[in-house]
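Please look through the sequence and the model below before reading on. The points that follow concern how some of the helices pack.

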Amino acid sequence: MGKRGLLERLDAGEVVIGDGGFVFEMEKRGYVKAGPWTPEVVVEHPEAVRGLHREFLRAGSDVMQAFTFYASDDKLSHRGNEAGSKFTCRQINDAACRLAHEVAAEGDALVAGGISQTPSYLHGLGKKITQEEFKRQVDVFVENKADFLIAEYFEHIEEMEWAIESLASSGLPVCATMCIGPEGDLHGVSAGQCAVRMARAGAHAVGVNCHFDPFVSLEAVRLMKEALAEAGLKAHLMVQPLALWTPDVKKQGFIDQPEFPFALEPRILTRWEMHRYAREAYDLGVRYIGGCCMFQSYHIRAVAEELREERGKLPAAHEKHELWGGGLLLHTKPWVRARASKEYWSQLSPATGRPYSAAMSRPEGGKM
C-alpha cells in the first residue's frame, strides 16, 4: 500500500504535523543570507538542508516541505541578490524537492512544494506576470511528484488568490496560509474574508503562517473558522506560526520589531508553551499544525508529544525526552529532581537574565 495522502488524512480527522522553520535556522547556521532570505543552500550545501529535514522527521513531522521559500526567479535577482546570477528557480526547486523526497522516504512523511509572495506582485506587474512566476515553480513540483502544494507567506489576499489558482491547475491538493493576524491583510481585508476568498479560490486547507506568535495566530484562525461557517464553506484549518512571543507587534507582525531579525532569541517559546499551543490548536479544530520561523525540532517534538493520544504514537525523538521533565528524576541534585513535573514547568515564567530587560518593545514607527 502506498502512503496516504494529505486530504485522506485530514478528511479522517487525523492530525498532520508540519515541520518547522528553515529560513532562520539556515541563516543562523551560515547558509542563508538575511535580507533576501533565498534558499540557494539546497544546491550549495544540500547536506545542511537534509540534516534539518531529518531533525523534523524524527521530532514527529508528517510533512517534509521542500525548502523553496522565496525561490521565484524575480526574487532570486531582486535588489541585486546574487543568487539569481548563479541559480534559476527551477534548479533550486528541483534540488529542494529531491532532498525532501529523500528524507520523507525514511518515514511516512508527505512532500509539499511551496510558493510565496513575489516582487512582481508588489511592484504592480499584474496577474499574468505574477502567475508566470508561480507556474515556473509549480511545474517543477509536479515533475518531482510532490504530494501537495502550499501557498504561504502572502500579505495580500489578491495575490494569494492568484497563487491558489496557479497551484490548483496542478490537480494536487492545495493549502493556503497568509502571514496575517486577526486584523487581516495589508489592504484591509478581514482575516475571516481572507479565509472565505481562499476557500472559494480552490484551497482545501486555509489558515495563517509566520509573522505572529501561536496564540495571536490561533485568534486569526478562529475568525477564519467563523467566517467559513457563516459563508457555508468547508475547508480544513491549518496554522504554522512563529516560535516567538509577539503580544506587542503591529499589523505586519514581527518584522516591525526592533529586534528583527538578529535579536529575537529572548522571545522564543519554551517547549512547554508549545504543548499549550498544540492543545489549543487541536481544540479549535485545527488539524494541520506546524511551525514557521524560529520553530526548531524540539518545538515540533512538543507538539507531537502533546497530541500523542490523538495520534496514537510518540515521535522517535521522544526516546531521550520524558514527558514534563521526567528524566530529571535521575539528576544528582534534589532540587532539580523536584522539577520533574508538569505542575512545575507549566507554571514557570522564564526570566531573560538581562538586567532591566523590557517586557515588550516599541514597534518601528508606532506607539504602544
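1. Is the crossing of α7 and α9 left-handed or right-handed? The two helices cross in the right-handed sense. This is read from a predicted model.

2. Helix α7 covers residues 89-104, and its axis comes within 9 Å of the axis of α9, at a crossing angle of roughly 30 degrees.

3. On the α7 side of this contact are Cys-89, Arg-90, Asn-93, Asp-94 and Cys-97. They meet Gln-137, Asp-139, Val-140, Phe-141 and Glu-143 of α9. Sorted by class, the α7 and α9 contact holds four nonpolar, two polar and four charged residues.

4. Helix α9 (residues 127-143) also packs with helix α10 (residues 157-168). Here the angle is about 45 degrees and the axes are 9 Å apart, which means that α9 is oblique to α10. The crossing of α9 with α10 is right-handed.

5. In this second contact, α9 contributes Lys-127, Thr-130, Gln-131, Phe-134 and Val-138. Their partners in α10 are Glu-159, Trp-162, Ala-163, Glu-165, Ser-166 and Leu-167. The residues of the α9 and α10 contact comprise five nonpolar, three polar and three charged.

6. For the wider setting, an unreviewed UniProt entry places the feature "domain: Hcy-binding" at residues 4-307. Over residues 4-307, helix accounts for 46% of the chain and strand for 12%. The C-alpha atoms at the two ends of that stretch are 20 Å apart.

Terms used. Residues are numbered from 1 along each chain as its sequence is written. This is a predicted model: local features need pLDDT of at least 70, side-chain atom pairs count only at pLDDT 80 or more; totals for chains, interfaces and linings use all residues. Side-chain values use heavy atoms; hydrogens and water are left out. Axes are lines fitted to C-alpha atoms, for helices over the stretch in contact, and angles run from 0 to 180 degrees between N-to-C directions. Helices (H or I, at least four residues) and strands (E, at least two) are DSSP runs, numbered from the N terminus. Angles under 35 degrees count as roughly parallel, over 145 as roughly antiparallel, 65 to 115 as roughly perpendicular and the rest as oblique. A crossing is left-handed if the near helix is turned anticlockwise from the far one by less than a right angle, and right-handed if clockwise. Contact means heavy atoms within 4.5 Å. Ala, Val, Leu, Ile, Met, Phe, Trp, Tyr, Cys and Pro count as nonpolar, Asp, Glu, Lys and Arg as charged, and the others, Gly among them, as polar. UniProt positions are given in the numbering used here, feature names are shortened, and annotations may be inferred rather than shown by experiment.
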